[in-house]
Amino acid sequence: MTRAPSPSTGVQVAITRIDADGAGIGRVGDDEYVVPGAFPGERVVATPLVRSRHHARVHARLEQVVAPAPGRVRAPCERHPSRGGRCTGCPLLELDLESQRRAKLDALRALGLDADRIEGSAFAAGYRRSAKRVVFRRGGALALGSFERRSHRPADMRGCAIDHPLLSRAADAVADEATRLGVEPWDERSARGELEAVWLRTDGARVLVTLVTRQPDARFAALARALLGRGGIVGVAASRRDATDNSLRGEPARALAGDATLECELAGIRQRLGPLGFLQPHPEIAERAYRDLLLTERGEPLSGNEAWDLYAGAGVTTRLLSARFARVLPCESYPESAAALGVEAQSVEQFLGERLAEGRRAPTLIVANPPRAGLGEAVCDRLARTGARRITVMSCGPAALARDLERLERGGYARCGVRAYDTLPGTAHVEVVVWLASGASPAP
Ligand SMILES: C[S@@+](CC[C@H](N)C(=O)[O-])C[C@H]1O[C@@H](n2cnc3c(N)ncnc32)[C@H](O)[C@@H]1O
(Lines give C-alpha, C1' and ligand atoms only; values in the text may rest on other atoms or scores of the structure.)
Protein backbone atom coordinates (compact mmCIF):
# COMPACT_ATOMS: atom_id res chain seq x y z
CA MET A 1 0.00 0.00 0.00
CA THR A 2 1.14 3.55 -0.68
CA ARG A 3 -0.41 6.81 0.38
CA ALA A 4 -2.94 7.80 -2.21
CA PRO A 5 -2.01 10.93 -4.13
CA SER A 6 -4.38 13.86 -3.87
CA PRO A 7 -7.21 14.64 -3.76
CA SER A 8 -7.48 15.06 -0.03
CA THR A 9 -10.95 16.41 -0.63
CA GLY A 10 -13.87 14.03 -0.98
CA VAL A 11 -14.77 12.00 -4.04
CA GLN A 12 -18.33 11.01 -4.94
CA VAL A 13 -18.75 7.25 -5.05
CA ALA A 14 -21.82 5.23 -6.11
CA ILE A 15 -21.74 2.03 -4.06
CA THR A 16 -22.75 -1.13 -5.91
CA ARG A 17 -21.91 -3.97 -3.52
CA ILE A 18 -20.10 -4.94 -0.32
CA ASP A 19 -16.82 -6.81 -0.07
CA ALA A 20 -16.03 -9.77 2.20
CA ASP A 21 -15.45 -7.38 5.12
CA GLY A 22 -18.79 -5.62 4.60
CA ALA A 23 -17.23 -2.43 3.20
CA GLY A 24 -19.04 -0.61 0.39
CA ILE A 25 -17.48 -0.97 -3.08
CA GLY A 26 -17.89 1.47 -5.97
CA ARG A 27 -15.98 2.53 -9.08
CA VAL A 28 -14.41 5.93 -9.65
CA GLY A 29 -12.86 5.94 -13.10
CA ASP A 30 -10.59 2.90 -13.26
CA ASP A 31 -10.35 2.62 -9.48
CA GLU A 32 -12.33 0.40 -7.18
CA TYR A 33 -13.13 2.36 -4.03
CA VAL A 34 -13.46 0.52 -0.71
CA VAL A 35 -15.58 2.58 1.68
CA PRO A 36 -16.40 1.05 5.10
CA GLY A 37 -19.79 2.22 6.36
CA ALA A 38 -21.27 2.74 2.88
CA PHE A 39 -23.87 0.39 1.41
CA PRO A 40 -25.15 -0.77 -1.99
CA GLY A 41 -27.45 1.76 -3.67
CA GLU A 42 -25.89 4.70 -1.81
CA ARG A 43 -24.10 7.73 -3.14
CA VAL A 44 -21.43 8.88 -0.71
CA VAL A 45 -18.55 11.28 -0.40
CA ALA A 46 -15.33 9.55 0.61
CA THR A 47 -11.75 10.68 1.21
CA PRO A 48 -9.07 8.47 -0.42
CA LEU A 49 -6.61 7.21 2.20
CA VAL A 50 -4.39 4.52 0.71
CA ARG A 51 -3.96 3.08 -2.75
CA SER A 52 -3.26 -0.62 -3.15
CA ARG A 53 0.10 -1.17 -4.82
CA HIS A 54 -1.01 -4.19 -6.83
CA HIS A 55 -4.62 -3.41 -7.69
CA ALA A 56 -6.47 -0.35 -8.93
CA ARG A 57 -8.03 -0.15 -5.47
CA VAL A 58 -8.33 2.82 -3.14
CA HIS A 59 -9.25 2.51 0.53
CA ALA A 60 -11.30 5.52 1.51
CA ARG A 61 -12.99 7.06 4.55
CA LEU A 62 -16.70 7.75 4.45
CA GLU A 63 -17.33 11.47 4.90
CA GLN A 64 -20.97 11.90 4.01
CA VAL A 65 -23.89 9.82 2.79
CA VAL A 66 -25.42 11.92 0.02
CA ALA A 67 -28.18 9.49 -0.95
CA PRO A 68 -28.80 6.83 1.74
CA ALA A 69 -29.99 3.31 0.99
CA PRO A 70 -33.69 2.83 1.83
CA GLY A 71 -32.70 0.12 4.34
CA ARG A 72 -30.28 2.35 6.31
CA VAL A 73 -31.07 2.36 10.06
CA ARG A 74 -29.41 3.51 13.29
CA ALA A 75 -26.95 0.83 14.45
CA PRO A 76 -28.59 -1.03 17.36
CA CYS A 77 -25.26 -1.29 19.26
CA GLU A 78 -23.47 1.41 21.16
CA ARG A 79 -20.09 -0.12 20.32
CA HIS A 80 -20.59 0.53 16.60
CA PRO A 81 -18.33 3.32 15.19
CA SER A 82 -21.41 5.31 14.08
CA ARG A 83 -22.34 5.61 17.75
CA GLY A 84 -18.92 6.52 19.09
CA GLY A 85 -17.67 2.96 19.61
CA ARG A 86 -14.66 1.39 17.91
CA CYS A 87 -15.79 -2.17 17.31
CA THR A 88 -15.78 -2.93 13.59
CA GLY A 89 -17.06 -6.51 13.94
CA CYS A 90 -20.57 -5.75 12.66
CA PRO A 91 -20.19 -3.52 9.58
CA LEU A 92 -23.78 -4.16 8.40
CA LEU A 93 -25.55 -3.09 11.59
CA GLU A 94 -26.62 0.15 9.90
CA LEU A 95 -28.79 -1.80 7.44
CA ASP A 96 -32.11 -3.47 8.16
CA LEU A 97 -32.06 -7.27 7.98
CA GLU A 98 -33.64 -7.52 4.55
CA SER A 99 -31.08 -5.14 3.05
CA GLN A 100 -28.22 -6.96 4.81
CA ARG A 101 -29.34 -10.21 3.24
CA ARG A 102 -29.77 -8.70 -0.20
CA ALA A 103 -26.25 -7.26 0.07
CA LYS A 104 -24.88 -10.67 1.07
CA LEU A 105 -26.57 -12.39 -1.89
CA ASP A 106 -25.17 -9.74 -4.26
CA ALA A 107 -21.68 -10.14 -2.79
CA LEU A 108 -21.92 -13.91 -3.37
CA ARG A 109 -23.07 -13.33 -6.94
CA ALA A 110 -20.00 -11.13 -7.53
CA LEU A 111 -17.92 -14.22 -6.63
CA GLY A 112 -19.85 -16.39 -9.07
CA LEU A 113 -21.94 -17.99 -6.33
CA ASP A 114 -25.55 -17.71 -7.44
CA ALA A 115 -27.59 -18.67 -4.38
CA ASP A 116 -31.25 -19.60 -4.87
CA ARG A 117 -32.06 -17.92 -1.53
CA ILE A 118 -30.68 -16.87 1.83
CA GLU A 119 -32.11 -18.52 4.92
CA GLY A 120 -32.40 -16.23 7.91
CA SER A 121 -34.35 -15.56 11.06
CA ALA A 122 -35.90 -12.46 12.57
CA PHE A 123 -33.78 -13.09 15.66
CA ALA A 124 -30.87 -10.76 14.87
CA ALA A 125 -29.70 -9.57 18.30
CA GLY A 126 -28.27 -11.53 21.20
CA TYR A 127 -27.99 -14.64 19.03
CA ARG A 128 -24.28 -15.46 19.13
CA ARG A 129 -23.48 -18.54 21.24
CA SER A 130 -19.73 -18.55 20.75
CA ALA A 131 -17.35 -15.61 20.97
CA LYS A 132 -13.67 -14.87 21.39
CA ARG A 133 -12.32 -11.72 22.95
CA VAL A 134 -8.87 -10.19 23.15
CA VAL A 135 -7.86 -8.80 26.53
CA PHE A 136 -6.31 -5.36 26.95
CA ARG A 137 -5.87 -2.60 29.48
CA ARG A 138 -8.10 0.43 29.30
CA GLY A 139 -7.41 3.02 31.95
CA GLY A 140 -6.93 1.21 35.24
CA ALA A 141 -9.04 -1.81 34.27
CA LEU A 142 -8.94 -4.79 31.93
CA ALA A 143 -11.33 -4.81 29.00
CA LEU A 144 -12.42 -7.53 26.60
CA GLY A 145 -12.96 -6.80 22.94
CA SER A 146 -11.83 -7.34 19.37
CA PHE A 147 -9.24 -5.87 17.05
CA GLU A 148 -10.40 -2.99 14.90
CA ARG A 149 -10.69 -3.79 11.20
CA ARG A 150 -7.27 -4.48 9.65
CA SER A 151 -5.35 -3.46 12.78
CA HIS A 152 -4.20 -4.67 16.16
CA ARG A 153 -5.88 -1.77 17.97
CA PRO A 154 -8.25 -3.32 20.50
CA ALA A 155 -11.87 -2.14 20.71
CA ASP A 156 -14.02 -2.60 23.78
CA MET A 157 -17.07 -4.84 23.23
CA ARG A 158 -18.85 -4.44 26.57
CA GLY A 159 -22.58 -4.47 25.81
CA CYS A 160 -22.13 -6.14 22.37
CA ALA A 161 -25.58 -6.35 20.75
CA ILE A 162 -25.16 -9.65 18.92
CA ASP A 163 -23.63 -11.77 21.68
CA HIS A 164 -26.01 -13.91 23.70
CA PRO A 165 -26.76 -11.96 26.92
CA LEU A 166 -25.09 -14.72 28.96
CA LEU A 167 -21.84 -14.31 27.00
CA SER A 168 -21.94 -10.55 27.60
CA ARG A 169 -22.46 -11.08 31.32
CA ALA A 170 -19.68 -13.65 31.48
CA ALA A 171 -17.30 -11.36 29.56
CA ASP A 172 -18.03 -8.55 32.04
CA ALA A 173 -17.36 -10.92 34.92
CA VAL A 174 -13.98 -11.94 33.44
CA ALA A 175 -12.96 -8.29 32.94
CA ASP A 176 -14.06 -7.30 36.46
CA GLU A 177 -12.54 -10.26 38.31
CA ALA A 178 -9.28 -10.20 36.34
CA THR A 179 -8.95 -6.49 37.13
CA ARG A 180 -9.67 -7.09 40.82
CA LEU A 181 -7.10 -9.90 41.03
CA GLY A 182 -4.41 -7.90 39.23
CA VAL A 183 -4.13 -10.24 36.21
CA GLU A 184 -1.86 -8.68 33.59
CA PRO A 185 -3.16 -8.59 30.00
CA TRP A 186 -0.82 -9.90 27.30
CA ASP A 187 1.13 -7.07 25.69
CA GLU A 188 2.24 -7.83 22.17
CA ARG A 189 5.05 -5.27 22.04
CA SER A 190 6.80 -6.26 25.26
CA ALA A 191 5.72 -9.93 24.96
CA ARG A 192 4.73 -9.84 28.63
CA GLY A 193 1.54 -10.44 30.55
CA GLU A 194 -0.66 -13.43 31.23
CA LEU A 195 -4.14 -13.22 29.80
CA GLU A 196 -4.25 -12.81 26.03
CA ALA A 197 -7.75 -13.84 25.05
CA VAL A 198 -10.94 -15.41 26.32
CA TRP A 199 -13.27 -17.86 24.60
CA LEU A 200 -16.87 -17.93 25.68
CA ARG A 201 -19.54 -20.40 24.67
CA THR A 202 -23.03 -21.06 25.88
CA ASP A 203 -25.79 -23.60 25.42
CA GLY A 204 -28.28 -20.81 26.17
CA ALA A 205 -28.33 -21.47 29.91
CA ARG A 206 -24.71 -21.99 31.00
CA VAL A 207 -21.34 -20.61 29.97
CA LEU A 208 -17.89 -22.17 29.56
CA VAL A 209 -14.95 -19.76 29.76
CA THR A 210 -11.48 -20.55 28.38
CA LEU A 211 -8.57 -18.31 29.37
CA VAL A 212 -5.90 -18.20 26.65
CA THR A 213 -2.31 -17.41 27.61
CA ARG A 214 1.17 -17.40 26.07
CA GLN A 215 2.81 -18.21 29.40
CA PRO A 216 3.49 -21.84 30.26
CA ASP A 217 3.33 -21.04 33.97
CA ALA A 218 0.34 -18.68 34.01
CA ARG A 219 -1.66 -19.12 37.21
CA PHE A 220 -5.36 -18.62 36.80
CA ALA A 221 -6.60 -20.73 39.73
CA ALA A 222 -7.85 -17.74 41.77
CA LEU A 223 -9.48 -16.15 38.72
CA ALA A 224 -11.17 -19.45 37.81
CA ARG A 225 -12.55 -19.83 41.36
CA ALA A 226 -13.80 -16.25 41.37
CA LEU A 227 -15.56 -16.68 38.02
CA LEU A 228 -17.41 -19.89 38.80
CA GLY A 229 -21.10 -19.14 39.31
CA ARG A 230 -20.85 -15.56 38.04
CA GLY A 231 -22.87 -14.59 34.97
CA GLY A 232 -23.96 -18.21 34.31
CA ILE A 233 -20.35 -19.49 34.25
CA VAL A 234 -20.29 -23.23 35.04
CA GLY A 235 -16.76 -24.06 33.94
CA VAL A 236 -13.39 -22.36 33.47
CA ALA A 237 -10.51 -23.82 31.47
CA ALA A 238 -7.10 -22.58 30.34
CA SER A 239 -5.31 -23.02 27.04
CA ARG A 240 -1.78 -22.04 26.11
CA ARG A 241 -0.88 -20.92 22.64
CA ASP A 242 2.41 -19.95 21.10
CA ALA A 243 1.26 -19.68 17.51
CA THR A 244 1.42 -16.34 15.83
CA ASP A 245 -1.77 -16.84 13.82
CA ASN A 246 -4.96 -14.97 14.52
CA SER A 247 -7.09 -17.92 15.58
CA LEU A 248 -6.46 -17.29 19.30
CA ARG A 249 -7.29 -20.97 19.84
CA GLY A 250 -4.50 -22.51 21.81
CA GLU A 251 -3.54 -26.03 22.73
CA PRO A 252 -6.32 -28.33 23.99
CA ALA A 253 -7.72 -26.69 27.08
CA ARG A 254 -7.30 -28.03 30.61
CA ALA A 255 -10.14 -27.61 33.09
CA LEU A 256 -9.43 -25.30 36.04
CA ALA A 257 -12.78 -25.17 37.81
CA GLY A 258 -16.29 -26.55 37.40
CA ASP A 259 -17.53 -28.37 34.30
CA ALA A 260 -15.26 -29.22 31.39
CA THR A 261 -18.07 -29.57 28.84
CA LEU A 262 -21.52 -28.29 27.94
CA GLU A 263 -24.27 -30.38 26.42
CA CYS A 264 -25.80 -28.57 23.46
CA GLU A 265 -28.60 -29.67 21.19
CA LEU A 266 -28.42 -28.95 17.49
CA ALA A 267 -30.78 -30.32 14.85
CA GLY A 268 -32.13 -32.76 17.45
CA ILE A 269 -28.64 -34.13 18.21
CA ARG A 270 -27.20 -33.80 21.69
CA GLN A 271 -23.58 -32.84 21.47
CA ARG A 272 -20.94 -32.66 24.18
CA LEU A 273 -18.97 -29.51 23.63
CA GLY A 274 -15.57 -28.86 25.19
CA PRO A 275 -14.09 -25.43 25.86
CA LEU A 276 -12.57 -25.00 22.37
CA GLY A 277 -14.54 -27.35 20.12
CA PHE A 278 -16.32 -25.83 17.15
CA LEU A 279 -19.77 -24.44 17.98
CA GLN A 280 -22.00 -22.85 15.36
CA PRO A 281 -22.56 -19.25 16.46
CA HIS A 282 -26.25 -19.14 15.46
CA PRO A 283 -27.73 -22.60 16.10
CA GLU A 284 -31.19 -21.84 14.69
CA ILE A 285 -29.85 -21.03 11.21
CA ALA A 286 -27.03 -23.58 11.34
CA GLU A 287 -29.69 -26.24 11.90
CA ARG A 288 -31.31 -25.40 8.58
CA ALA A 289 -27.97 -25.76 6.82
CA TYR A 290 -27.28 -29.10 8.57
CA ARG A 291 -30.68 -30.46 7.54
CA ASP A 292 -30.06 -29.36 3.95
CA LEU A 293 -26.81 -31.38 3.95
CA LEU A 294 -28.98 -34.52 4.17
CA LEU A 295 -30.95 -33.53 1.08
CA THR A 296 -30.28 -32.88 -2.57
CA GLU A 297 -30.46 -29.32 -3.85
CA ARG A 298 -34.08 -30.10 -4.77
CA GLY A 299 -34.94 -31.19 -1.24
CA GLU A 300 -34.97 -34.96 -1.86
CA PRO A 301 -33.58 -37.08 0.99
CA LEU A 302 -30.18 -38.68 0.42
CA SER A 303 -29.22 -42.15 1.62
CA GLY A 304 -26.75 -44.88 0.71
CA ASN A 305 -24.05 -47.24 1.87
CA GLU A 306 -21.32 -44.86 2.83
CA ALA A 307 -20.82 -41.15 3.51
CA TRP A 308 -17.71 -39.27 4.60
CA ASP A 309 -18.00 -36.28 6.91
CA LEU A 310 -14.89 -34.14 6.41
CA TYR A 311 -14.02 -31.37 8.92
CA ALA A 312 -16.59 -33.02 11.17
CA GLY A 313 -16.14 -30.86 14.30
CA ALA A 314 -17.78 -32.42 17.34
CA GLY A 315 -19.99 -34.56 15.11
CA VAL A 316 -23.51 -33.22 14.60
CA THR A 317 -23.37 -33.88 10.84
CA THR A 318 -21.79 -37.29 11.44
CA ARG A 319 -24.71 -38.31 13.59
CA LEU A 320 -27.30 -36.84 11.25
CA LEU A 321 -25.71 -38.70 8.33
CA SER A 322 -25.63 -41.93 10.35
CA ALA A 323 -29.43 -42.02 10.29
CA ARG A 324 -29.33 -42.13 6.46
CA PHE A 325 -26.15 -43.99 5.57
CA ALA A 326 -25.11 -47.50 6.59
CA ARG A 327 -21.59 -46.28 7.35
CA VAL A 328 -20.27 -42.78 8.04
CA LEU A 329 -16.55 -41.99 8.27
CA PRO A 330 -15.79 -38.69 10.03
CA CYS A 331 -12.50 -36.81 9.78
CA GLU A 332 -11.40 -34.04 12.14
CA SER A 333 -7.95 -32.69 13.04
CA TYR A 334 -8.62 -30.92 16.35
CA PRO A 335 -7.91 -33.43 19.14
CA GLU A 336 -10.75 -32.32 21.45
CA SER A 337 -13.33 -32.70 18.64
CA ALA A 338 -11.82 -35.90 17.23
CA ALA A 339 -12.02 -37.45 20.71
CA ALA A 340 -15.73 -36.55 20.87
CA LEU A 341 -16.14 -38.39 17.55
CA GLY A 342 -14.23 -41.41 18.78
CA VAL A 343 -11.60 -41.17 16.03
CA GLU A 344 -7.89 -40.31 15.84
CA ALA A 345 -7.25 -36.65 15.06
CA GLN A 346 -6.29 -36.58 11.39
CA SER A 347 -6.13 -34.01 8.61
CA VAL A 348 -8.47 -34.28 5.64
CA GLU A 349 -5.41 -34.35 3.38
CA GLN A 350 -4.18 -37.48 5.19
CA PHE A 351 -7.62 -39.07 5.40
CA LEU A 352 -8.25 -38.73 1.66
CA GLY A 353 -4.71 -39.85 0.85
CA GLU A 354 -5.24 -43.05 2.85
CA ARG A 355 -8.68 -43.77 1.36
CA LEU A 356 -7.34 -43.26 -2.18
CA ALA A 357 -4.35 -45.52 -1.47
CA GLU A 358 -6.68 -48.24 -0.15
CA GLY A 359 -8.56 -48.10 -3.47
CA ARG A 360 -11.90 -48.40 -1.67
CA ARG A 361 -15.27 -48.14 -3.36
CA ALA A 362 -16.38 -44.54 -3.65
CA PRO A 363 -18.81 -43.25 -1.02
CA THR A 364 -22.25 -42.08 -2.17
CA LEU A 365 -21.83 -38.71 -0.48
CA ILE A 366 -18.97 -36.62 0.86
CA VAL A 367 -19.86 -33.68 3.10
CA ALA A 368 -17.06 -31.16 3.63
CA ASN A 369 -17.33 -28.20 6.01
CA PRO A 370 -13.86 -26.60 5.99
CA PRO A 371 -12.76 -23.52 7.92
CA ARG A 372 -12.82 -20.11 6.22
CA ALA A 373 -9.61 -20.76 4.26
CA GLY A 374 -11.45 -23.45 2.30
CA LEU A 375 -10.43 -26.87 1.00
CA GLY A 376 -7.37 -25.81 -0.99
CA GLU A 377 -5.84 -27.36 -4.04
CA ALA A 378 -4.56 -30.64 -2.57
CA VAL A 379 -7.89 -31.53 -0.95
CA CYS A 380 -9.88 -30.58 -4.08
CA ASP A 381 -7.64 -32.74 -6.25
CA ARG A 382 -8.03 -35.69 -3.91
CA LEU A 383 -11.79 -35.19 -3.59
CA ALA A 384 -12.14 -35.20 -7.37
CA ARG A 385 -10.30 -38.56 -7.47
CA THR A 386 -12.58 -40.27 -4.93
CA GLY A 387 -15.31 -40.89 -7.50
CA ALA A 388 -18.01 -39.99 -4.95
CA ARG A 389 -21.36 -39.51 -6.63
CA ARG A 390 -22.12 -36.35 -4.67
CA ILE A 391 -20.02 -33.81 -2.81
CA THR A 392 -21.75 -31.20 -0.66
CA VAL A 393 -19.59 -28.37 0.62
CA MET A 394 -20.65 -26.11 3.46
CA SER A 395 -18.44 -23.08 3.88
CA CYS A 396 -18.17 -19.81 5.80
CA GLY A 397 -15.49 -18.50 3.40
CA PRO A 398 -17.19 -17.64 0.09
CA ALA A 399 -14.03 -16.39 -1.68
CA ALA A 400 -12.15 -19.61 -0.92
CA LEU A 401 -15.26 -21.61 -1.77
CA ALA A 402 -15.46 -19.99 -5.21
CA ARG A 403 -11.83 -21.05 -5.87
CA ASP A 404 -12.47 -24.57 -4.56
CA LEU A 405 -15.52 -24.95 -6.80
CA GLU A 406 -13.51 -24.09 -9.89
CA ARG A 407 -11.02 -26.81 -8.95
CA LEU A 408 -13.76 -29.38 -8.29
CA GLU A 409 -15.45 -28.49 -11.56
CA ARG A 410 -12.17 -28.99 -13.39
CA GLY A 411 -12.04 -32.37 -11.62
CA GLY A 412 -15.34 -33.44 -13.20
CA TYR A 413 -17.96 -32.27 -10.70
CA ALA A 414 -20.93 -30.15 -11.72
CA ARG A 415 -22.56 -27.56 -9.54
CA CYS A 416 -26.23 -28.39 -8.94
CA GLY A 417 -27.30 -25.80 -6.39
CA VAL A 418 -26.09 -23.01 -4.08
CA ARG A 419 -27.86 -21.71 -0.95
CA ALA A 420 -26.86 -19.09 1.63
CA TYR A 421 -27.55 -19.00 5.37
CA ASP A 422 -27.43 -15.79 7.39
CA THR A 423 -25.67 -17.25 10.42
CA LEU A 424 -24.15 -13.94 11.57
CA PRO A 425 -26.57 -11.03 11.04
CA GLY A 426 -24.93 -7.63 11.45
CA THR A 427 -21.61 -8.97 10.19
CA ALA A 428 -20.62 -9.56 6.57
CA HIS A 429 -20.29 -13.31 7.18
CA VAL A 430 -22.48 -15.81 5.48
CA GLU A 431 -22.56 -19.59 5.36
CA VAL A 432 -22.97 -21.24 1.97
CA VAL A 433 -23.94 -24.78 0.95
CA VAL A 434 -23.07 -25.98 -2.55
CA TRP A 435 -24.32 -29.24 -4.01
CA LEU A 436 -22.06 -30.93 -6.55
CA ALA A 437 -22.49 -34.16 -8.47
CA SER A 438 -20.05 -36.15 -10.56
CA GLY A 439 -20.81 -35.73 -14.26
CA ALA A 440 -23.49 -33.36 -15.42
CA SER A 441 -26.69 -35.02 -14.27
CA PRO A 442 -27.09 -35.23 -10.52
CA ALA A 443 -28.73 -38.37 -9.21
CA PRO A 444 -30.63 -38.34 -5.94
C1 LIG B 1 -16.14 -24.93 10.11
S2 LIG B 1 -15.74 -26.13 11.30
C3 LIG B 1 -16.99 -27.34 10.97
C4 LIG B 1 -17.24 -28.31 12.05
C5 LIG B 1 -18.50 -29.20 11.91
N6 LIG B 1 -18.69 -29.70 10.57
C7 LIG B 1 -19.71 -28.47 12.39
O8 LIG B 1 -20.49 -27.98 11.58
O9 LIG B 1 -19.89 -28.35 13.61
C10 LIG B 1 -14.28 -26.79 10.61
C11 LIG B 1 -13.67 -27.93 11.39
O12 LIG B 1 -12.57 -28.44 10.64
C13 LIG B 1 -11.49 -28.74 11.51
N14 LIG B 1 -10.29 -28.68 10.65
C15 LIG B 1 -9.61 -27.57 10.26
N16 LIG B 1 -8.63 -27.92 9.39
C17 LIG B 1 -8.69 -29.27 9.23
C18 LIG B 1 -7.95 -30.21 8.44
N19 LIG B 1 -6.94 -29.82 7.65
N20 LIG B 1 -8.28 -31.50 8.53
C21 LIG B 1 -9.31 -31.91 9.33
N22 LIG B 1 -10.05 -31.06 10.08
C23 LIG B 1 -9.75 -29.76 10.04
C24 LIG B 1 -11.61 -27.71 12.61
O25 LIG B 1 -11.00 -28.17 13.79
C26 LIG B 1 -13.12 -27.56 12.75
O27 LIG B 1 -13.65 -28.45 13.70
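Cys87 has no disulfide partner in this predicted model, because its sulfur sits 6.1 Å from the closest cysteine sulfur, that of Cys90, and a bond would need the two within 2.5 Å. Cys87 also counts as buried, since its relative accessibility comes to 11%. Cys416 is in a similar spot as far as bonding goes: the closest cysteine sulfur, in Cys380, is 16 Å away, so that's too far as well. Unlike a buried residue, though, Cys416 rates as partly exposed, with 24% relative accessibility. Searching the whole structure turns up zero disulfides.

On to the domains. The protein splits into three: domain 1 covers 2-88, domain 2 covers 130-266 and domain 3 covers 282-438. Between domain 1 and domain 2, the C-alpha centres are 33 Å apart. Their contact draws on eleven residues from domain 1 and 13 residues from domain 2.

Together, domain 1 and domain 2 bury about 980 Å², with 48% of that on carbon and sulfur atoms. On the domain 1 side, half the story is a trio: Arg79, Arg86 and Thr88 supply 50% of the area buried against domain 2, more than any other three residues.

Arg86 turns up again in the charged contacts, where it forms a salt bridge with Glu148, the closest N and O atoms lying 2.8 Å apart. The total between domain 1 and domain 2 is three salt bridges, and four residue pairs are in polar contact across that interface. As for make-up, the side of domain 1 that touches domain 2 has six nonpolar residues, one polar and four charged.

Conventions
Residues numbered from 1 in each chain as written. Predicted model: local features only at pLDDT ≥ 70, side-chain atom pairs only at ≥ 80, totals over all residues. Heavy atoms only, no water. Domains from an automatic or database assignment. Contact = heavy atoms within 4.5 Å. Buried area = accessible area lost by both parts, 1.4 Å probe. Salt bridge = Lys/Arg side-chain N within 4 Å of Asp/Glu carboxyl O. Polar contact = N/O pair within 3.5 Å; in protein donor to acceptor, adjacent residues only side chain to side chain. Nonpolar A, V, L, I, M, F, W, Y, C, P; charged D, E, K, R; others polar. Buried < 20%, exposed > 50% of the residue type's maximum accessible area, 1.4 Å probe, protein only.
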